[in-house]
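Colleague: Please take a close look at the largest pocket for me. Which helices and strands each supply at least two residues of its lining?

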Amino acid sequence: MTTRRSPGEGSVYQRIDGRWEASLSVGYSSEGKRRRRKVVAGSKREVSARLAKLKSEIEGLVVDDARMTVAEWLHRWLTEEATTAVRPRTLLVYEVIIRCHLDPVLGHIPLQKLTPPEVKAYLSQKIAAGLAAQTVRSQHAVLRRALEIAFRYGYVARNVARLVSAPRVERAEIHPLDKDETRRFLDAVQGHRLEALFVLAASTGMREGEVLGLTWACVDLDGGFVRVEKTLARYGLGYHLDPPKTRQSRRAIAIPAAVADALRAHRATRQAYQFTLESAWIGNDWDLVFTNEVGTPLSASTLQQIFKRLLASTGIREVRFHDLRHGAATFLLAQGVAMKVVQEMLGHAQMSMTADLYSHVVPELRRDAADRIAETLFSGRPQAPAVAPGTSHADREPRDGTAECDHLAQSYVAVAPPMAPSLPVANIRIG
């Protein structure tokens, strides 16, 4: 027997086993399915008491003011939740997305009344305004994360942003410098004050921020490796030396002897230059390997400008500095280095990311693998003569052992049942 109650009051009913059960709706899952909480007791009075207690617990999570807007929640989420969950630089990006994009369009809508069509219309509006698909995806991701916390706290019945697909991003093709172009570039930068930087980047595939944030404490020239422990970033009021984003990005990279020699020469040259400048040398507190002319951090924009000028002066096509990283990975894979080793060297979180980024090298690796197995198994073994188009194996000149095969074929014909038609020996394939 079920007692009918008003919506939101919960349901109380007696089960077949004689016990009493109460259920209360507590919102919806991210897939839009209703979620319920249940309590069971031996009597109706007891289960009603437990239901009342459950309701009080749930109502403590409900928004006190149903008029709370999307803007109010986004700023509350930014200051109370995101502040302790992401890095300072990421937090600044979130703040810009909310202030410049989400607030002006969606901010006035009551939080509990935001719908999937409104989110979809927002994304379409941004794409129509000319924003890149990746930029709009980032805005969608911020909204989705904020609404997910609101859903967990019971402020909304569902995360409507999860019900809307973000714009699809077409991955740009990678066109790094080839082997000859890279050699020409490295030859051209010999003697340049940042020669060691370019040599290191082209040899190890380190990210721009990792190269600019490298300190001498993380360089072991005798052991032949560098450790990636920090990355240089510029945000807020200055430069920051932040830890890498992922555990895999924090790594040790072996360097060739030529790279170690370039770093030794760079250190000696910089020490002499610093002595020459005397008081004009400002320096930095981190003991960075690569700096500007007065010892302060080298900005990413300045590095890009220097890189492009050097490419132009050498007559090499223009690419991004980041393409030196792609080039290093491509060279390693083309030389047969295992994908797992390349992944660890680049600091990718998953090997699938490495395989996806450098899928253009995979066909070459497959051919190389086939050639290597052929060399292992069939090297020195006599090869069968090629068969001309339009001919069959039966049309070839007899090889050693043909007579024995013909005799064996004749014996098969001899023992065949009488009703089986005789076949010409020349048309029987052996094996």
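Modeller: Six elements do that: helix 3 (88–106), helix 5 (133–152), helix 8 (208–212), strand 7 (231–235), strand 8 (238–242) and helix 10 (300–314). Helices here are DSSP runs of H or I with at least four residues, strands are runs of E with at least two, and both are numbered from the N terminus. One caveat before going on: this is a predicted model, so local features need pLDDT of at least 70 and side-chain atom pairs count only at pLDDT 80 or more, while totals for chains, interfaces and linings use all residues. Residues are numbered from 1 along each chain as its sequence is written, and side-chain values use heavy atoms, with hydrogens and water left out.

Back to the pocket. Helix 5 gives the most to the lining, with 6 residues. In total 38 residues line the pocket, and Arg-87, Arg-89, Thr-90, Arg-207 and Lys-245 lie nearest its centre. By pocket I mean an open set of points on a 1 Å grid over the protein atoms alone, where a 1.4 Å probe fits, with protein on both sides within 12 Å along at least five of seven lines; a lining residue has an atom within 4 Å of a point. The volume comes to about 1,300 Å³, taken as the space filled by probe spheres set on the points, which are joined across faces, edges and corners. As for chemistry, the lining divides into 15 nonpolar, 13 polar and 10 charged residues. Nonpolar covers Ala, Val, Leu, Ile, Met, Phe, Trp, Tyr, Cys and Pro, charged covers Asp, Glu, Lys and Arg, and the others, Gly among them, are polar.

Now for the surroundings. The chain has 15 helices and 9 strands. Strands 5, 6 and 9 form an open antiparallel sheet in the order 5-6-9, where pairing needs at least two DSSP bridges between two strands. Strand 5 (219–220) and strand 9 (251–254) are the edges, each pairing on one side only. Between strand 6 (residues 225–228) and strand 9 there are 4 bridges, and one of them puts Phe-225 opposite Ala-254.

Helix 10, one of the lining helices, also brings us to Asp-287, which sits in the loop between helix 9 (257–277) and helix 10. Its phi is near 55°, a positive value in a residue other than glycine. Asp-287 is partly exposed, because its relative accessibility is 39%; buried would be under 20% and exposed over 50%, using a 1.4 Å probe and protein chains only.
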